[in-house]
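Trainee: I have the chain open on my screen and would like to go through it with you, piece by piece. Could you show it here as well, so that we look at the same thing?

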Amino acid sequence: MGTQRNGFTRRESCVLAVDVGTTSVRCHVYDQRANIRGSCTKKVSLLYPEPGRVEMDPEELWQGFVTVVKGAVQDSGLQMCQMTALGISTQRATFTTWDRQTGKTFHNFISWQDLRAAEMVRSWNSSCTMKAVHGVMKVLHVLTRQKRFLAASLVVFTPQHVSLRLAWALRNVPQLKQAVDEGTCLFGTIDTWLLYKLTKGKLASLLSVRTRSCSCCMCWSGFLCSLLSLPLSILPRVTSLILSFSLLMADQQAAMFGECCFDTGDVKITMGTGTFMDINTGNKPHTSVAGLYPLVGWKIGSEVVYLAEGNAAGTGTAIKWAQEIELFSDVKETDSMANSVKDSDGVCFVPSFSGLQAPLNDPKACAAFMGLKPSTTKSHLVRAILESIAFRNKQLFDVMLRETRIPIMKIRADGGVCTNDFIMQLTTDLLGRKISRPAHFDMSCLGAAFVAGLAVGKKRPIQCSGAEMMQTIFFIF
């Protein structure tokens, strides 16, 4: 419970880290050596009110958050007063809206997997406005030869963008429209909602109105908001919120930090509900023409580290679906089933339960088996599903290499699906690169704990290797 120093007992300090994922909420208690002292997990109940729609109950998510925090501390045998910081990692692009005064939500969380805005996406991408924007950007590219104008001439909306799903909600939820007119509406992703609940509405209220100026110019695009008729008055500065408090991180950025991918050219592949492949692009955001998107990785002191990311939305979803239709009973069986046959017998699987992302960018694509024949067995089907995950990894990696032209320094994998040896071996063979797989797979939690530790210790290490960073983090709180 404590350590002796100069004859006095000093209570051990630890950091709490919570990862709010698509299928579960996990909390770990980390000690000063980054060892896990206690853990607690609670499943997330996904709601499917209509085909293509994916939601989560905000209050259930909040109660799950509270449950895992209390459970992890209890499991550690420590006391809550020994927790010096709380790091939170959350899935991105899942949002809700709520009343500023009562805190009551106007609708469930609309998940990043949700396709309700697919028709609106199609309409906008084929609209005269978008054609005009593309035309102007093409002309500017010809005149300036700047790649950012070429990228802007090819940009399209996808259902994963919060903006279109928010526009859908504004058009289809009467109470929300009324609240916006009355100026009582707040909007936020999961991190904002949790902060609102943790502070009983104090902090989110302060960040909900003004977006005109912010550090590093990281604010909502007034031009895009005006195109989509999104009222800026309900849009909080989520990016500034994350950068200011240093304890809130998006899941993929947190996983990148947890994997210690601090150098330009470091790559991490997270395979969970979806696959997210990120490369560290240094202090410059990457301009993509194939569907990779630039992200702020983290900001420590005055230095901002950027990432470029590509994703495939149907990784863990495909495996879970295969289990639900009884192709196997235990996920651990999939590796042996895939290896029990020499190939997939010509069967191919398209893992597109939520469309296909970069480089195809087709939100209407449907999941499908092809090449079925009388000789096809369950093992062939399972192998085809696992192969499809590795093939998408190869597809994303090739796009990343071609677009960024950054020499790859190292590749690290995490997420529940990376425990599958068949997928990992095939991905390694296809990429022709060594892939490191950690013994502990909750890298989003670990990354959030690292950043929380940095915030508590007030250290600002910028230029140092991954090993040095880890050593610094372990002893700062």
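Trainee: Which residue in strand 13 does Thr 270 stand opposite?

Mentor: Thr 270 stands opposite Phe 276 in strand 13; strands here, like helices, are DSSP runs numbered from the N terminus, with at least two residues (E) for a strand and at least four (H or I) for a helix. Keep in mind that this is a predicted model, in which local features need pLDDT of at least 70 and side-chain atom pairs count only at pLDDT 80 or more, while totals for chains, interfaces and linings use all residues. Residues are numbered from 1 along each chain as its sequence is written, and side-chain values use heavy atoms, with hydrogens and water left out.

Trainee: In what sense do strand 12 and strand 13 pair, and over how many bridges?

Mentor: They pair in the antiparallel sense over 5 bridges, where pairing requires that DSSP finds at least two bridges between two strands. A hairpin of 3 residues joins strand 12 to strand 13, and Val 267 has Ile 279 as its bridge partner in strand 13.

Trainee: And what is the bridge partner of Thr 270 in strand 18?

Mentor: That is Asp 414, and strand 12 (266-271) pairs with strand 18 in the parallel sense over 5 bridges.

Trainee: What is the strand order of the whole sheet?

Mentor: The order is 14-15-13-12-18-19, in an open sheet of 6 strands with mixed pairing. Strand 14 (293-300) and strand 19 stand at the edges with a single partner strand each, so one side of each is left without a neighbour in the sheet. Strand 18 pairs with strand 19 (residues 435-436) in the parallel sense over 2 bridges, and Arg 412 has Ser 436 as its partner there. On the other flank of strand 13, the pairing with strand 15 is antiparallel over 7 bridges, and Gly 282 is matched with Tyr 306.

Trainee: How many residues of strand 13 are buried?

Mentor: The count is 8 of the 8, so strand 13 is largely enclosed by the rest of the structure; buried means under 20% relative accessible area, exposed over 50% and partly exposed in between, with a 1.4 Å probe and protein chains only. For the protein chain as a whole, buried residues make up 55% of the 477 residues.

Trainee: Changing topic: which residues touch the most other members of the largest nonpolar core?

Mentor: Val 267, Met 271 and Ile 411 do, out of 41 residues; such a core is a set of buried Ala, Val, Leu, Ile, Met, Phe, Trp, Tyr and Cys residues joined through side-chain atoms within 4.5 Å. Several elements supply at least two residues each, including strand 15 (303-312), helix 12 (315-324) and helix 14 (378-404), and helix 14 gives the most, with 11 residues. A second, separate core of 31 residues includes Trp 62, Leu 78, Leu 186 and Leu 248.

Trainee: What does Val 267 touch, leaving out residues up to four places away in sequence?

Mentor: Among its contacts, meaning heavy atoms within 4.5 Å, are Cys 261, Met 277, Ile 279, Met 400 and Ile 411.

Trainee: Back to Phe 276: why is its pair with Trp 112 edge-to-face?

Mentor: The ring centres are 5.7 Å apart and the planes are at 65 degrees, so the pair is edge-to-face; rings of Phe, Tyr and Trp (its six-membered ring) pair if their centres lie within 6.5 Å, with planes under 30 degrees apart counted as stacked, over 60 as edge-to-face and the rest as tilted. Trp 112 lies in the loop between strand 9 and helix 2, 164 residues from Phe 276 in sequence. Trp 112 is buried at 6% relative accessible area, and Phe 276 is buried at 10%.

Trainee: Which residues do ring pairs link into a cluster?

Mentor: The cluster consists of Trp 98, Phe 109, Trp 193 and Tyr 196.

Trainee: Last one: how many disulfides does the count come to?

Mentor: It comes to 0 disulfides, a disulfide being a pair of cysteine sulfur atoms within 2.5 Å. The sulfur of Cys 40, for instance, has its closest cysteine sulfur in Cys 27, 7.5 Å away, which is too far for a bond.
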